[in-house]
Amino acid sequence: MSRIASRFPRVEPRRRVRQLISGLLSDLPRKNCWTLAEHAGDATPDGMQHLLHRAKWEADAIRDDIRAYVVEHLHDTEAVLVVDETGDLKKGTATVGVQRQYTGTAGRIENAQVAVYLVYSAARGHAAIDRALYVPRSWTEDPARCRGAGIPDGLAFATKPQLAARMVARALDAGTPARWVAGDEVYGDNPHLRAALEDRRTGYVLAVSSTHPLVTHAGKFQAKTLAARIPERAWQRLSAGAGAKGERYYDWAEVDIHGPTGSLGHWRLMVRRNRRTGELAFYRCFSPRPVPLSALVRVAGRRWTAEETFQASKGPTGLDEHQVRRWTSWHRWVTLAMLAHAFLAVTAAAERRDRPAPDGLIALTGNEIQHLFAALISPVHDLAHRLRWSRWRRQHQARSRDCHYRRQAASQP
């Protein structure tokens, strides 16, 4: 907390943010302004809501502090910057960025809010270091709706790859040590993101679709067509990294392809084949200098650390449990949730480095560290405090119910 204390000029928000972070690291089954305020011993959630909505502080400044903190402790010159998006299912239409759209969280089109994240994936650990809310055209083309959600005036529509490119540029411009960028088909099929990375001489291993067009010395082909021509002797059995059940072995092969005319570097199509089902996955790769296939496989395997980061952030530190509707409140909540997860990731890495697990035990994980930390900081409140909060919740819910009924009655013909 000392790293971000200067971002809060006044004592009250500084104290409040410490309480909020403590709540995010607690064992509360649900984390929002109500539960965090009760956990902190407040009489109402007004203070937590003020911190997220009206208090004077910049979430982007703390985002930069998180990046510096993660890089300081997980520093790796071979690190991978992983870009990926995740969605939170939402009801209604008033919450910033919400519309019916595809989200991998549900695996289908749902009413959801989607954001793109940048994860710093190093040998010692991984954590999110940047975030960008995806604001669909249905919002950016409706100025009144944007104003109602507190979206800054003049915000233009940006695709997910454009958001990813901005975050990668921001990280690299800040001196973040990273050699590679990885992402799924949303990013690999986008030529502008690839061109931006090539201009910066930053290597990438980006998944592409089976119909992705590629140019070789023999002409232009789809990725699946090139894969069908790979001879069996060209496939290599390599691990994409350790998973929960051991090494993740696949068959891998590569095909040289052409990059943009006049550009320097090495471009390849890498193909992954499931050893059991034969299912194929395709990756477009670039490196300023020649690298072995095993290095590209390592980078491709790191892409899954984004999913692990989402899982570790959404459950333990409440990344998706916010109940805020406006632009500023969303950025503040997810930034503080990222900070809480970064603390767990860095602490777990330090434990593995400084105190190796004894025989018969695995190393301390972020989840286990959270349980231990929660036990140390958990406040003990008396029964009167619990009863006051029970009464407050019931009063608030009664007012909400009455309001809904009046609105419904007014809309009847």
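**Entry 1: Gln101**

I began with Gln101, which I found in strand β2, residues 99-103, where strands (E, at least two residues) and helices (H or I, at least four residues) are DSSP runs numbered from the N terminus. The model I am reading is predicted, so that local features need pLDDT of at least 70 and side-chain atom pairs count only at pLDDT 80 or more, while totals for chains, interfaces and linings use all residues. Residues are numbered from 1 along each chain as its sequence is written, and side-chain values use heavy atoms, with hydrogens and water left out.

Is Gln101 buried or exposed? I noted Gln101 as buried because its relative accessibility is 7%, the scale being buried under 20% relative accessible area, exposed over 50% and partly exposed in between, with a 1.4 Å probe and protein chains only. Leaving aside residues up to four places away in sequence, I listed Arg108, Ile109, Glu110, Ala112, Gln113, Val114, Tyr134 and Pro136 as the residues that Gln101 touches, a contact meaning heavy atoms within 4.5 Å.

**Entry 2: the cavity**

I then looked for enclosed space, and the search of the whole structure gave one cavity of 30 Å³ or more. On a 1 Å grid over the protein atoms alone, a cavity is a set of points where a 1.4 Å probe fits but cannot get out, whereas a pocket is an open set with protein on both sides within 12 Å along at least five of seven lines, and lining residues have an atom within 4 Å of a point. Grid points are joined across faces, edges and corners, and a volume is the space filled by probe spheres set on the points.

The largest cavity has a volume of about 50 Å³, and I recorded its lining as Thr86, Gly87, Asp88, Gln113, Ala115, Tyr117, Lys314, Leu319 and Trp330. Gln113, one of these lining residues, is also among the contacts of Gln101. Strands β1 (80-89) and β3 (108-121) each supply at least two residues of that lining. By class I counted four nonpolar, three polar and two charged residues there, with Ala, Val, Leu, Ile, Met, Phe, Trp, Tyr, Cys and Pro taken as nonpolar, Asp, Glu, Lys and Arg as charged, and the others, Gly among them, as polar.

**Entry 3: the two pockets**

For the largest pocket I noted a volume of about 1200 Å³ and a lining of 35 residues, of which His126, Ala242, Glu308, Arg352 and Thr365 lie nearest its centre. Two or more lining residues come from each of β9 (236-243), β10 (246-257), α11 (293-302), α12 (305-314), α13 (327-354) and α14 (366-377). The largest share, five residues, is that of α13, and the class split of the lining is 14 nonpolar, 13 polar and eight charged residues.

The second largest pocket has a volume of about 860 Å³, and among its 20 lining residues I found Gln49, Gln323, Val324, Arg325 and His396 nearest the centre. Here α2 (33-40), α3 (46-53) and α15 (383-411) are the elements giving two or more residues, and α15 gives the most, with four. Its lining divides into four nonpolar, eleven polar and five charged residues.

**Entry 4: strands β9 to β11 and the core**

Which way do β9 and β10 run? I read them as antiparallel and joined by six bridges, two strands being paired if DSSP finds at least two bridges between them. A hairpin of two residues connects β9 to β10, and Gly243 stands opposite Gly246 in β10. On to strand β11 (residues 266-273), β10 is again antiparallel, with seven bridges, and Ala253 faces Val271 in β11.

I next took the largest nonpolar core, a core being a set of buried Ala, Val, Leu, Ile, Met, Phe, Trp, Tyr and Cys residues joined through side-chain atoms within 4.5 Å. It has 119 residues, and Leu81, Tyr120, Trp252 and Met270 have the most contacts inside it; α13 provides the largest share, 15 residues. Beyond residues up to four places away in sequence, the contacts of Trp252 include Met270, Val271, Tyr283, Leu293 and Val297.

**Entry 5: two loop residues**

Arg201, in the loop between α9 (191-199) and β6 (203-208), has a positive phi of about 60° although it is not a glycine. I entered Arg201 as partly exposed because its relative accessibility is 38%.

Gly92 lies in the loop between β1 and β2 and counts as partly exposed because its relative accessibility is 40%. Not counting residues up to four places away in sequence, Gly92 touches Val98 and Asn111. The C-alpha atoms of Gly92 and Leu214 are separated by 42 Å, the two residues being 122 residues apart along the chain.
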